[in-house]
Amino acid sequence: AQQKRLLMNQLSFRLLLLWLIVSSASIGTKASNNPWTPILESQIAHKDQLERQIIPKVYQTVALNMSTLQDILSEAPLRFSTEAQQQNVLLTLPMPAGSFSSFQIVEAPVMQAGLAAKYPQIRSFAGKGVDQAGAYLRFSISPHGFHGMIMTGHGGDVFIDPYSKGNQQHYIVYRKKDYQRT
């Protein structure tokens, strides 16, 4: 009976340890809920057949998990609301050098309420840099995809735009200085 109790205690301890490891791993996954994945441009299928509207001299290509992004955006409080002062919703964005930067975001509508009700699929957001002091973010999400602008405060403004017209999965990240209209 004593040996059986000792084996049960060891088994219980091992199960508790396993549960703690699995729980901490899943908590870490939730904390790093990044909807963006760096990709090589060669991974974009039929890229030569796509209609490109913006082609900077230098840019990074990334893939966007729209479902993960929508989950994050659904938590964003309305700008200037009490919730906006109490909640801390973070969005990770890709940067041109291949790194990522975090922003505290709020929903910041720019359309009149009646128009916004007519087009609920078009939403605007604002954010401030968490790991880049002074950085300010504006972005929108629509049937045309994600369009974002990060004003860094030191002249290196960053844009995130769809890789091609109608493409909501692949994006380019580039500095303002690397794009010139032709």
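Helix α2, residues 66-73, lies across seven strands in this predicted model. These strands are β2 (60-64), β3, β4 (100-107), β5, β6, β7 (145-151) and β9. The helix runs at about 115 degrees to β6. Helix α2 also contributes to the largest nonpolar core, described below.

The strands crossed by the helix belong to an open sheet of nine strands. Their order is β1-β2-β9-β8-β7-β6-β5-β4-β3, and the pairing is antiparallel. The edges are formed by β1 (36-39) and β3 (90-94), each of which pairs on one side only. Neighbouring strands are turned by 30 degrees against each other on average, direction ignored. Strands of a sheet pair through backbone hydrogen bonds, either parallel or antiparallel.

Individual pairings within the sheet were examined next. Strand β5 (residues 123-129) is joined to β6 (residues 136-142) by six bridges. The two strands run antiparallel. Gly127 has Leu137 of β6 as its bridge partner. Three bridges connect β7 with β8, again in an antiparallel arrangement. Met149 stands opposite Phe159 in β8. On to β9, β8 is held by five bridges, and these strands also run antiparallel. Here Phe159 has Tyr174 of β9 as its bridge partner. Phe159 is thus placed opposite Met149 and is bridged to Tyr174. Strand β8 is largely enclosed by the rest of the structure, because five of its five residues are buried.

Ser142 is located in strand β6. With a relative accessible area of 14%, Ser142 falls under the 20% limit and therefore counts as buried. Beyond its neighbours within four places in sequence, Ser142 is in contact with Gln121, Ile122 and Gln168.

The loop between β8 (158-162) and β9 (170-175) holds Asn167. Asn167 is buried too, at a relative accessible area of 11%. Its side chain reaches the backbone nitrogen of His170 at 2.9 Å. Neighbours within four places in sequence aside, Asn167 is in contact with Leu50 and Pro162.

In soluble globular proteins, nonpolar side chains tend to be buried together. The largest nonpolar core of this model has 25 residues. Leu93, Ile105 and Phe146 have the most contacts inside it. At least two residues of this core come from each of β2, α2, β3, β4, β6, β7, β8 and β9. The largest share, four residues, is supplied by α2. Phe146 illustrates the packing. Outside its neighbours within four places in sequence, Phe146 is in contact with Trp36, Leu64, Leu69, Leu93, Phe139, Ser140, Ile141, Ile160, Asp161, Pro162 and Tyr171. Another core, of seven residues, lies apart from the largest one. Its members include Ile44, Phe159, Ile172 and Tyr174. Two of these, Phe159 and Tyr174, are also the bridge partners noted between β8 and β9.

Side chains of opposite charge can pair when their charged atoms come close. Three salt bridges were found in a search of the whole structure. In one, Arg52 pairs with Glu41, and the closest N and O atoms are 3.5 Å apart. Both residues lie in the loop between β1 and β2, 11 residues apart. Glu41 is partly exposed, at 25% relative accessibility.

Another salt bridge joins Glu107 to Arg123, with the closest N and O atoms 3.1 Å apart. Glu107 lies in strand β4 and Arg123 in strand β5, so the pair ties together parts that are 16 residues apart in sequence. Glu107 counts as buried because its relative accessibility is 19%, under the 20% limit.

The remaining salt bridge is formed by Lys177 and Asp178. Their closest N and O atoms are 3.6 Å apart. The partners differ in exposure. Lys177 is exposed, with a relative accessible area of 58%, whereas Asp178 is buried at 11%.

Technical notes: Residues are numbered from 1 along each chain as its sequence is written. This is a predicted model: local features need pLDDT of at least 70, side-chain atom pairs count only at pLDDT 80 or more; totals for chains, interfaces and linings use all residues. Side-chain values use heavy atoms; hydrogens and water are left out. Buried means under 20% relative accessible area, exposed over 50%, partly exposed in between (1.4 Å probe, protein chains only). A polar contact is a pair of N or O atoms within 3.5 Å; within protein, one must be able to donate a hydrogen and the other to accept it, and residues adjacent in sequence count only if both atoms are side-chain atoms. Contact means heavy atoms within 4.5 Å. Two strands pair if DSSP finds at least two bridges between them. Axes are lines fitted to C-alpha atoms, for helices over the stretch in contact, and angles run from 0 to 180 degrees between N-to-C directions. A nonpolar core is a set of buried Ala, Val, Leu, Ile, Met, Phe, Trp, Tyr and Cys residues joined through side-chain atoms within 4.5 Å. A salt bridge is a side-chain nitrogen of Lys or Arg within 4 Å of a carboxyl oxygen of Asp or Glu.
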